[in-house]
Amino acid sequence: MIHLRVETEDKLFLEGQGIYAIINGQEYVFSLEIVEKIVILTTDLGPFYDDMGLAIDVGNNTVVFIMSEHECFQTFLFDQIGKALPIDFQKVIDASVCKENNVFEIYRRDA
């Protein structure tokens, strides 16, 4: 399994039909149509630590992670991927008020 973590200086965005992750100067591009599922992970570490993150399974045993305090998180989730895929926003709301370790599946590609 390959884990790509979008950190402070990195970028994550949707352009056209591609998800772009620029991590440590390396550009990764994934087709929107290959996204298997998207989940929000929550922890019990808040409010002093970032306790919510997004995990995007882009197939081929590759997952892209971004934490909720990253500058790209909200734009990517709400303005970009949230308009391109049928995201379950009720689960996003549920995750945002969760104070426990949990996983909220907000998208799964139809088989």
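**Exercise 1. Contacts and overall build**

Work out what share of the contacts in the protein chain between residues at least 6 apart in sequence joins residues at least 24 apart, and then describe the build of the chain.

*Solution.* In this predicted model, 48% of the contacts between residues at least 6 apart in sequence join residues at least 24 apart. The next step is to list the elements: the protein chain holds two helices and eight strands, and along the sequence they follow the pattern β-β-β-β-β-β-β-α-α-β. The radius of gyration is 13 Å, close to the 13 Å that the globule rule gives for 111 residues, so the protein chain is as compact as a globular protein of that length. Taken along the principal axes, the box filled by the C-alpha atoms is roughly 35 × 35 × 30 Å.

**Exercise 2. Surface and charge**

State how many of the 111 residues, as a percentage, count as buried, and characterise the exposed area and the charges of the protein chain.

*Solution.* Buried residues make up 41% of the 111 in the protein chain. The chain exposes about 6,800 Å², of which carbon and sulfur atoms supply 49%. Turning to charge, there are 8 positive and 19 negative charges, and their mean positions lie 4 Å apart.

**Exercise 3. The largest nonpolar core**

Identify which residues have the most contacts inside the largest nonpolar core, and trace the surroundings of one of them.

*Solution.* In soluble globular proteins, nonpolar side chains tend to be buried together. Here the largest nonpolar core has 31 residues, and those with the most contacts inside it are L12, I19, I38, I40, L54 and I56. Helix α1, residues 73-84, gives the most to this core, with four residues. Taking L54 as the example, and leaving aside its neighbours within four places in sequence, its contacts include I38, V39 and I40, together with V64, F65 and I66. L54 is also in contact with F73, F76, L77 and I106.

**Exercise 4. V35, a loop residue**

Decide whether V35 is buried or exposed, given its place in a loop, and name the residues that it touches.

*Solution.* V35 lies in the loop between β4 (26-31) and β5 (37-42). Its relative accessible area is 0%, and because buried means under 20%, V35 is buried. Not counting residues up to four places away in sequence, V35 touches I19, I56, D57, V58, L85, Y107 and R109. G18 is 17 residues from V35 along the chain, and the C-alpha atoms of the two are separated by 10 Å.

**Exercise 5. The loop between β6 and β7**

Compare G59, N60 and N61 by accessibility, and explain what is notable about phi in the two asparagines.

*Solution.* G59 lies in the loop between β6 and β7, as do N60 and N61; β6 covers residues 52-57 and β7 covers residues 62-67. At 10% relative accessibility, G59 counts as buried, whereas N60, at 74%, counts as exposed, and N61 is exposed as well, with a relative accessible area of 52%. For the backbone, the general background is that most residues other than glycine have a negative phi. Against this, N60 has a positive phi of about 50° although it is not a glycine, and N61 likewise has a positive phi, near 55°. Finally, G59 touches I34 and E36, not counting residues up to four places away in sequence. G59 and E36 are 23 residues apart in sequence, yet their C-alpha atoms are 6.0 Å apart in space.

Notes
Residues are numbered from 1 along each chain as its sequence is written. This is a predicted model: local features need pLDDT of at least 70, side-chain atom pairs count only at pLDDT 80 or more; totals for chains, interfaces and linings use all residues. Side-chain values use heavy atoms; hydrogens and water are left out. The radius of gyration is taken over C-alpha atoms; the globule rule is 2.2 Å times the number of residues to the power 0.38. Buried means under 20% relative accessible area, exposed over 50%, partly exposed in between (1.4 Å probe, protein chains only). Contact means heavy atoms within 4.5 Å. Accessible areas come from the Shrake-Rupley method with a 1.4 Å probe; for residues, only the protein chains shown count as cover. Lys and Arg count as positive and Asp and Glu as negative; His and the chain ends are not counted. The place of a charge is taken as NZ of Lys, CZ of Arg, CG of Asp or CD of Glu. A nonpolar core is a set of buried Ala, Val, Leu, Ile, Met, Phe, Trp, Tyr and Cys residues joined through side-chain atoms within 4.5 Å.
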